[in-house]
2 protein chains.
Amino acid sequence: MERKMERNAPALPQSLALPEAVKLVEVGPRDGLQNEARHVSAAVKIELVDRLSAAGFANIEAASFVSPKWVPQMADGAEVMGAIARRAGTVYSALTPNMKGFEAALAAEAGEVVIFGAASEAFSQRNINCSVAESIARFEPVAAAAKAAGLRLRASISCALGCPYEGDIALEKVADVVARMRDLGCDEIDIADTIGVGTPLRTQAVMEAAASVFPRERLAGHFHDTYGQALPNILASLQAGIRIFHASVAGLGGCPYAKGASGNVATEDLLYMLHGMGIHTGVDLDQVIQAGAFISEAIGRPYGSRVGKALLERGRRQECV
Amino acid sequence: MERKMERNAPALPQSLALPEAVKLVEVGPRDGLQNEARHVSAAVKIELVDRLSAAGFANIEAASFVSPKWVPQMADGAEVMGAIARRAGTVYSALTPNMKGFEAALAAEAGEVVIFGAASEAFSQRNINCSVAESIARFEPVAAAAKAAGLRLRASISCALGCPYEGDIALEKVADVVARMRDLGCDEIDIADTIGVGTPLRTQAVMEAAASVFPRERLAGHFHDTYGQALPNILASLQAGIRIFHASVAGLGGCPYAKGASGNVATEDLLYMLHGMGIHTGVDLDQVIQAGAFISEAIGRPYGSRVGKALLERGRRQECV
């Protein structure tokens, strides 16, 4: 037995072509909270951002300067941005749908402004009653102003992995939308699986389409976990050379109309996977779990990270075997 | 723009070296239900197995012939095995801890008997007060009897990705335990992440260690989703050439002592990923979702599959965008 073991020594791990480090964008304070029906106070939002800053994120999506009529939850963006304890090394981003929003973001000293568009014509027509190309063209003034002000400019492309109205999106369409955002001067472009329907091979195909027109190292993956596919899609994206990922503390997010819909991939679960593979993030998992427990309690929701729940339970339970 | 698109046509999907088909072992009726505190009637178990048979699984773990003193929930194994509507093409498995269990499984016309051991010495010592090697040696009579009776023999190796008492398990130890099970004549060997702590690179390393002493195509991956890592670990296993996976309808399972611990990977979520990548399973997702909704209601638990919840909600909700 022993001799056989020596002759057949286990092989070394396959590399999966993984990177040494990735950049994480924590979107919980904005994408995570914006659909909460119950108002979350500015004080809670500020504490959440401060806890996330302390955890070490390179980028936190902290506010949205949309009309309060659209998204009342985000009406206190200026107050939040004005009160957070900014950490050197963290970029604080704000969503800016128009010039009014841009001016507010500039006044609030956002480090990055975020514009957006859909990869789906049906989605664009139903939601804003214009074509994708028209919706992106409307961002030209914001993009120009961001450049003039020396701010980072990021674009988020929703429904890139599928649309509730038209299903799969043609790869050429994704590339076209990415190219339009590139032509506006975007520094970074997010490929978002807004409804969480993607699977790993499709994810790689979409990332390859995007990378055919924009530098791969400045593409980001934004995955919702509605169908539980976010982590395998991120693993597949890593293998396709993607190095920036979005996640939401406690898996905040989702849709107020859909009981079954879940939010963004939980930051804690993503950190567990990345750190388990030796990939550096600069983020402290324990501090994120504390932030996740804090915000979940503050908004009265069950804690939505499997890793967070498991690690919080560990120690105060009889280990199960 | 158009010309540029043509010159930079999106690349084809990377293959990830995926197989055309995999074999799924549905473990919900046994591994999923065994820790339920409230008794589940034989009638419910029978209906669950029948629904799963109709869905097309190649293998269903349907019963456990352990002492009713150990696992009272499984005391009605003979009744269940005697009443299910057996489908041609489905193997019905039963856990057999000893010769008494084997005789019961044989009488119940199980198509496969399952023996088990841990990859962790600490786990083995604490739970059954003997070494891993001793615990496996005790299965020699069962293994011999299974071979003599022409039954398939499967071994499940728990804690292969980590142990609650000793953490990581040495790869050599995993290979040693796999080799001991091989020497008993096992047709198939499960590599189980019992406490769900594994991540993809470690998973590949453990699978490679197992494959160094046993044919890769007869290794199975059994992943719990406690830390949300089951699907990425399965994706990594697929890339390491593993072709058999366990899953539990509705994500049944987990630990009665641990509120935060979740069960096996939900079959529905795994099917969604596999089918989304064009991998054949022979299993009908819609029928599994109906079975998952049935058993969740029958045992009074929230439905634990993200895919099941999302697809059941779809159609009766306002689509969220």
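1. The place to begin is B:Cys159, which is buried, with a relative accessible area of 0%. This residue is found in the loop between E5 and helix H9 (171-183) of chain B, and its phi is near 60°, a positive value in a residue other than glycine. As with everything in this note, the description refers to a predicted model.

2. A second residue invites the same kind of reading, namely B:Asn129, whose phi is near 60°, again a positive value in a residue other than glycine. Its place is in the loop between helix H6 (121-128) and helix H7 (132-137) of chain B. Is B:Asn129 buried or exposed? With a relative accessible area of 63%, B:Asn129 is exposed, whereas B:Cys159 is buried.

3. Helix H12 (residues 267-276) of chain A deserves a careful look, because 8 of its 10 residues are buried, so that this helix is largely enclosed by the rest of the structure. The buried residues in H12(A) are A:Thr267, A:Glu268, A:Asp269, A:Leu270, A:Leu271, A:Tyr272, A:Met273 and A:Leu274. After H12(A) comes A:Gly278, a residue with a positive phi, near 75°.

4. The next topic is the nonpolar interior. The largest nonpolar core has 214 residues, and those with the most contacts inside it are A:Ile295, B:Ile189, B:Ile191 and B:Ile295. To see what such a residue touches, one may take B:Ile189 and leave aside its neighbours within four places in sequence: the residues in contact with B:Ile189 then include B:Ala155, B:Ile157, B:Val178, B:Met181 and B:Arg182. Further along the chain, B:Ile189 is also in contact with B:Phe214, B:Arg218, B:Leu219 and B:Ala220.

5. Charged side chains come next. Side chains of opposite charge can pair when their charged atoms come close. Over all chains, the count comes to 34 salt bridges, and the points that follow take up individual pairs.

6. In the pair formed by A:Lys147 and A:Asp187, the closest N and O atoms are 3.4 Å apart. This salt bridge links distant parts of the chain, 40 residues apart, since A:Lys147 belongs to helix H8 (residues 140-149) of chain A, while A:Asp187 sits in the loop between helix H9 (171-183) and strand E6 (188-193) of chain A. A:Lys147 itself is partly exposed, with a relative accessible area of 37%.

7. How many residues apart are B:Glu47 and B:Arg51? Both lie in helix H3 (residues 42-55) of chain B, and they are 4 residues apart, about one turn of the helix. Their side chains meet in a salt bridge at 2.9 Å, N to O. B:Glu47 counts as partly exposed at 34% relative accessibility, and B:Arg51 likewise counts as partly exposed, at 29%.

8. The salt bridge between the side chains of B:Glu112 and B:Arg154 has an N to O distance of 2.8 Å. Because B:Glu112 lies in strand E4 (residues 112-118) of chain B and B:Arg154 in strand E5 (residues 152-158) of chain B, the pair ties together parts that are 42 residues apart in sequence. B:Glu112 is buried, with a relative accessible area of 0%, and B:Arg154 also counts as buried, at 0% relative accessibility. In chain A, salt bridges that share partners join A:Lys23, A:Arg30, A:Asp31, A:Glu61, A:Glu112, A:Arg152, A:Arg154, A:Glu188 and A:Asp190 into one network.

9. The last feature of the interior is its empty space. Rolling a probe the size of a water molecule over the atoms shows where empty space is left. The count comes to 3 cavities of 30 Å³ or more, and the largest cavity has a volume of about 160 Å³. Of the 15 residues that line the largest cavity, the closest to its centre are A:Asp225, A:Gly228, A:Arg306, B:Asp225 and B:Gly228. Helix H11 (230-239) of chain A and helix H11 (230-239) of chain B each supply at least two residues of this lining. By character, the lining residues divide into 7 nonpolar, 2 polar and 6 charged.

10. A final point returns to helix H8 of chain A, where A:Glu140 lies. At 46% relative accessibility, A:Glu140 counts as partly exposed. The C-alpha atoms of A:Glu140 and A:Pro215 are separated by 21 Å, and these two residues are 75 residues apart along the chain.

Methods:
Residues are numbered from 1 along each chain as its sequence is written. Chains are lettered from A and ligands numbered from 1 in the order in which they are written. This is a predicted model: local features need pLDDT of at least 70, side-chain atom pairs count only at pLDDT 80 or more; totals for chains, interfaces and linings use all residues. Side-chain values use heavy atoms; hydrogens and water are left out. On a 1 Å grid over the protein atoms alone, a cavity is a set of points where a 1.4 Å probe fits but cannot get out, and a pocket is an open set with protein on both sides within 12 Å along at least five of seven lines; lining residues have an atom within 4 Å of a point. Grid points are joined across faces, edges and corners, and a volume is the space filled by probe spheres set on the points. Ala, Val, Leu, Ile, Met, Phe, Trp, Tyr, Cys and Pro count as nonpolar, Asp, Glu, Lys and Arg as charged, and the others, Gly among them, as polar. A nonpolar core is a set of buried Ala, Val, Leu, Ile, Met, Phe, Trp, Tyr and Cys residues joined through side-chain atoms within 4.5 Å. Buried means under 20% relative accessible area, exposed over 50%, partly exposed in between (1.4 Å probe, protein chains only). Contact means heavy atoms within 4.5 Å. A salt bridge is a side-chain nitrogen of Lys or Arg within 4 Å of a carboxyl oxygen of Asp or Glu.
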